[in-house]
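Visitor: Can we go through this one together? I'll ask as things catch my eye.

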Amino acid sequence: MEAAMGLMRRIPPKHSEAALSALLSLLPDHSSDLLSQVDQPLQVLCDVDSGKEFILCEYNRDADSYRSPWSNKYHPALEDGPYPSPELRKLEIEANDVFAIYRDQYYEGGISSVYMWEDENEGFVACFLIKKDGSKTAHGRRGYLQEGAWDAIHVIEVGPEEEGTARYCLTSTVMLSLTTKDESSGTFNLSGSIRRQMNMDLSVAEGHLCNMGKMIEEMEGKLRNSLDQVYFGKTKEMVCTLRPPSELVQTRLPDS
């Protein structure tokens, strides 16, 4: 199992689905652990009742059906699927509306979904998802890339309230893949994933949604900086070392 997880951490996100399928066939006894611990690129489905797209993941899945956060119905239809309590469903609706605004302001488009459910410790768990397709054929506003995707998964465990405070445990995963194609540089592909955790005890005076939003905003800032330093920074350093810019080469040449 340890070797399988190490392998999945090194697999590019766009190949993770095929790799996971192969591991499930090789390690059927660890299928539940693999499915719960391995994050895959997010898939999207259209809710025919609301006319909106929603994101598919393990947190809104039951059997082969997925619950939409917009209509609160399973697609395909499922009679005995689990649903959040009325109180939690109300918070889920509000979270989807607020997170859609956050997604539009920070990502300039894309698709977002929020799912919530009760846990065993008298608290609840919330999953915030964002998928942004940045390719030229996507419906995003920029589309500078030949191919590109940003998948963000934020899972927050909220403990029961004690003296006006609650404990929040956030686990965030970002999967990034991009491909550029230019006549001068050819085709270039970069992909990878990063995961971080954050624990905080916060007052619930302003509400759970406000606290969760602040944590996600702070975490995404840290993840963007890490990706910029680790993936883009190191890649730029290696490329410039192997193929220094022409103007730099000219300055190093001795005078004739």
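Visitor: Which strand holds Thr173?
Guide: Thr173 sits in strand E9. Keep in mind that this is a predicted model.

Visitor: Is Thr173 buried or exposed?
Guide: Thr173 counts as buried, because its relative accessibility is 7% and the cut-off for buried is under 20%.

Visitor: What does its side chain make a polar contact with?
Guide: The side chain of Arg195 is the partner of the Thr173 side chain, at 3.1 Å.

Visitor: And which residues is Thr173 in contact with, leaving aside neighbours within four places in sequence?
Guide: Those are Asp39, Asp151, Ala152, Ile153, Ile194 and Arg195.

Visitor: How many residues of E9 are buried?
Guide: For E9 the count is 13 of 18 residues, so the strand is largely enclosed by the rest of the structure. E8 is mostly covered as well, with 10 of its 12 residues buried.

Visitor: What sheet are these strands part of?
Guide: An open sheet of 5 strands, in the order E6-E7-E8-E9-E10, with antiparallel pairing. At its edges are E6 (111–118) and E10 (186–203), each of which pairs on one side only. On average, neighbouring strands of this sheet are turned by 10° against each other, direction ignored.

Visitor: How many bridges join the neighbours, going along from E6?
Guide: E6 pairs with E7 (residues 124–133) over 8 bridges. Between E7 and E8 there are 10 bridges, between E8 and E9 there are 12, and between E9 and E10 there are 18. Each of these pairs runs antiparallel.

Visitor: I'd like some register points to check on screen. What is the bridge partner of Ser113 in E7?
Guide: Leu129. For E7 against E8, take Asp133, which stands opposite Ala149.

Visitor: And what stands opposite Trp150 in E9?
Guide: Leu176 does. Another point between those strands is Asp151, whose bridge partner in E9 is Met175. Asp151 is also one of the residues in contact with Thr173. For the step to E10, use Thr171, which has Gln197 as its bridge partner.

Visitor: How many residues lie between E8 and E9 in their hairpin?
Guide: There are 6 residues between them, and Glu163 in that turn has a positive phi of about 55°.

Visitor: Which helices lie across this sheet?
Guide: H4 (residues 86–107) lies across E6, E7 and E8 (147–158), and runs at about 155° to E6. H5 (residues 208–242) lies across E6, E7, E8, E9 (165–182) and E10, and its angle to E10 is about 145°.

Visitor: Switching to the other sheet, what is the order of its 3 strands?
Guide: The order is E3-E4-E5, again an open sheet with antiparallel pairing. E3 (61–62) and E5 (74–75) are the edge strands; each has a single partner strand, so one side of each has no neighbour in the sheet.

Visitor: How many bridges join E3 to E4?
Guide: There are 2 bridges between E3 and E4 (residues 65–67). Arg61 stands opposite Tyr66 in that pairing.

Visitor: Now helix H2. Which residues in it are buried?
Guide: In H2 (residues 16–26), the buried ones are Ser16, Ala19, Leu20 and Leu23. They lie on the same side of H2, because they cover an arc of only 100° around the axis.

Visitor: What is on the face turned away from that buried side?
Guide: That face of H2 carries the exposed residues Glu17, Ala18 and Ser25.

Visitor: Where does His30 lie?
Guide: His30 is in the loop between H2 and H3 (31–37). With 30% relative accessibility, His30 counts as partly exposed. Its C-alpha atom is separated by 7.2 Å from that of Met1, though the two are 29 residues apart along the chain.

Visitor: Last, some totals. How many helices and strands are in the chain?
Guide: The chain has 6 helices and 10 strands. Of its 256 residues, 40% are buried. The accessible surface is about 15,400 Å², with 51% of that belonging to carbon and sulfur atoms.

Visitor: And what share of the contacts with a separation of 6 or more comes from residues 24 or more positions apart?
Guide: That share is 51%.

Note on methods:
Residues are numbered from 1 along each chain as its sequence is written. This is a predicted model: local features need pLDDT of at least 70, side-chain atom pairs count only at pLDDT 80 or more; totals for chains, interfaces and linings use all residues. Side-chain values use heavy atoms; hydrogens and water are left out. Buried means under 20% relative accessible area, exposed over 50%, partly exposed in between (1.4 Å probe, protein chains only). Helices (H or I, at least four residues) and strands (E, at least two) are DSSP runs, numbered from the N terminus. The arc is that of the directions from the helix axis to the C-beta atoms. Two strands pair if DSSP finds at least two bridges between them. Axes are lines fitted to C-alpha atoms, for helices over the stretch in contact, and angles run from 0 to 180 degrees between N-to-C directions. Contact means heavy atoms within 4.5 Å. A polar contact is a pair of N or O atoms within 3.5 Å; within protein, one must be able to donate a hydrogen and the other to accept it, and residues adjacent in sequence count only if both atoms are side-chain atoms. Accessible areas come from the Shrake-Rupley method with a 1.4 Å probe; for residues, only the protein chains shown count as cover.
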